[in-house]
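Dear colleague,

I am passing on the structure we talked about, and it follows directly below. After it you will find a summary of what turned up.

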Amino acid sequence: MKRRANNEGSIYQRKSDGRWVVHFPMPGRSKPIVAYCKSEQEAVEKLHELITAYKTGTYVDPNDITLGEWLQRWMSVYMEGEISDNWYARKLDLIRLHIEPYDISQTALQKLISADIKLHYKKLLKTGKKVKVKDEAGNIQVRLTGLAPQTVKHIHNILKPALQQAVYEGLIVKNPIDKVKAPKVTKTREPRILTEDELKKYLDELLHHRLYAAFVLELCTGLRRGELLGLKWTDIDIYTQDNKTIAVITIQRQVLRVRNIDKPGSSLQYSGLKTKSSFRSIVLPLCAITELQAHKQRQEQEKRLAGASYNDEGLVFCTALGKKLDIRRLYEIHCRALERAGIKHTAFHNLRHTVATLLLEKGESIKTIQDLLGHADASTSLNIYSHVLNRMKAASAERMNGIIESVLPTNTDQQTDNNNPEM
C-alpha cells in the first residue's frame, strides 16, 4: 500500500485479482470513496481527480439516473403548481412526444454531452413530426416531417432549467446545454390585418348572431380570446358622468381549454392571465356599451327560457345555458363570417392586431396601445407593430416633403454665389 497524508487518500493493489484500488475518505461523507482501476497509473489519475474535485467543490456521486427519469422528477417536483395547468400539460406533451421516444431519453445524465443535445435538435428539425396524408388510393399514410423551430425552442427551454436543477442537486457537474443554442426562430409573415371596408362586411355578417356583441367588444378592445370569454358582468362598471354614459371593464381572468393531467382529454377552466400587465382596465367606446346593454337583455331572456337548466356563472359571453364558451367555438363563428363576407382568411387573434394597427394609423401613441393590449412593456408593442410604425414614418416623410416643397424657392435658375463667404 502506498500511504499518503490525511485527506489525500491512498491506492493499493489487490492480491486476489491484481486490480488497483483507490481509497479516498472525502470529508463530509460518512463512507470513503472507493474506485477500482486496471493499472497503477489509472489509479493515480483517479485519485488526483477525486482530490481536485474535492478542493474545487465539483465532486458528484456516481448515479445512473437517465434524462427521461430526471425530467419526470423535475416536472412533478419543481413545475407542478408553479405554472399554469395548461402550460404544465403542454410541457408534459413535449417531453412525451419529442424526448421520451428518442435515445437521448435513456442517456444517463452524467454521460449527456452538448453534442447529444445538438444532434437531438437536428433530428427533431428534420423528422420530428408525424403527419397523416392520403395516398392516391385513399389510404392513410404516416410521413415524417420537421418540427417547427419554435417547438424545438420550447423543448430547449424545458431542458435548460431541468439540467441546471440537476447541477444544483449535485447530480451532474455542469450543464451540458450551456454550449447549445436554441434554433433560430424567424418571423415568416406579418399578421393579416382587416381593412375598415373588410371590417364593415365582417360585422354585417355577424349582426344577427347571439354573440355579435362579443365581436364588437373585441374590435373595440383587442382582448385575447380567453380574456373575452372570461369576462363577467361584475367586471363591467357602467355609470353616468356629466350626462355621458361611461363603461370600464376590468380584465382579471381568462377561460382556456386545459389539458387534463391525470386523465385523457381537456376541459374548459378559468385561468390566471398571461402576465401581470394583462391585469388592466379599459374604457369602452359608446358603441360597445350599447351592444353590451342589448346583449344583457337577450341573455336575461335566455335565462328565463332555460329556467332551472341555466348554469349562471355570471359570464358576459357564454352558451345559451350559461356555460363557458370554448375558444374554438368563437373561432368557428369568426371563420364562417369571413367566408360569407368573401374576406381572405385571417386568424381570430389578428383582430387584436387589427385594433392596434388601426389605432396607430389614426395617430394613437404606442404607450396607449401597450396599456390597451396588456403588453409587459412598450418594447413588446414596438417590436410587434414595427411594420406599421415604419409605414407611418414613410407617410410622415411624405408629409414633410410636401411642407418643405411648399416653401422652397421657386427660381430654379438660381446659382450659388461663390463670392459670398457665408455660402
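Which residues lie nearest the centre of the largest pocket? Please bear in mind that this is a predicted model. The largest pocket is lined by 29 residues, and those nearest its centre are Arg224, Gln254, Leu256, Lys274 and His349. Its volume is about 1,200 Å³. Two or more lining residues come from each of helix H3 (85-98), helix H5 (149-168), helix H8 (225-229), strand E8 (254-259), helix H11 (349-361) and helix H13 (378-384), with E8 giving the largest share, four residues. By character, the lining of the largest pocket divides into 14 polar, eight nonpolar and seven charged residues.

Turning to the aromatic rings, a search of the whole structure finds two aromatic pairs. In one of them, tyrosine 202 and phenylalanine 215 are edge-to-face, with 6.2 Å from centre to centre and 75° between the planes; this pair links helix H6 (residues 196-206) to helix H7 (residues 212-221), the two residues being 13 residues apart. Phenylalanine 215 also pairs with phenylalanine 348, and because their planes stand at 70°, with the centres 6.0 Å apart, this pair is edge-to-face. Here the partners are 133 residues apart, phenylalanine 348 lying in the loop between helix H10 (327-341) and H11. Tyr202, Phe215 and Phe348 thus form one aromatic cluster. Tyrosine 202 counts as buried because its relative accessibility is 0%, phenylalanine 215 is likewise buried at 0%, and phenylalanine 348 counts as buried at 2%.

Finally, there is a charge over a ring: arginine 19 lies over the face of tyrosine 36, at 4.7 Å from the ring centre.

With best regards

Definitions and conventions
Residues are numbered from 1 along each chain as its sequence is written. This is a predicted model: local features need pLDDT of at least 70, side-chain atom pairs count only at pLDDT 80 or more; totals for chains, interfaces and linings use all residues. Side-chain values use heavy atoms; hydrogens and water are left out. On a 1 Å grid over the protein atoms alone, a cavity is a set of points where a 1.4 Å probe fits but cannot get out, and a pocket is an open set with protein on both sides within 12 Å along at least five of seven lines; lining residues have an atom within 4 Å of a point. Grid points are joined across faces, edges and corners, and a volume is the space filled by probe spheres set on the points. Ala, Val, Leu, Ile, Met, Phe, Trp, Tyr, Cys and Pro count as nonpolar, Asp, Glu, Lys and Arg as charged, and the others, Gly among them, as polar. Rings of Phe, Tyr and Trp (its six-membered ring) pair if their centres lie within 6.5 Å; planes under 30 degrees apart count as stacked, over 60 as edge-to-face and the rest as tilted. Buried means under 20% relative accessible area, exposed over 50%, partly exposed in between (1.4 Å probe, protein chains only). A charge sits over a ring if NZ of Lys or CZ of Arg is within 6 Å of the ring centre and within 35 degrees of the ring normal.
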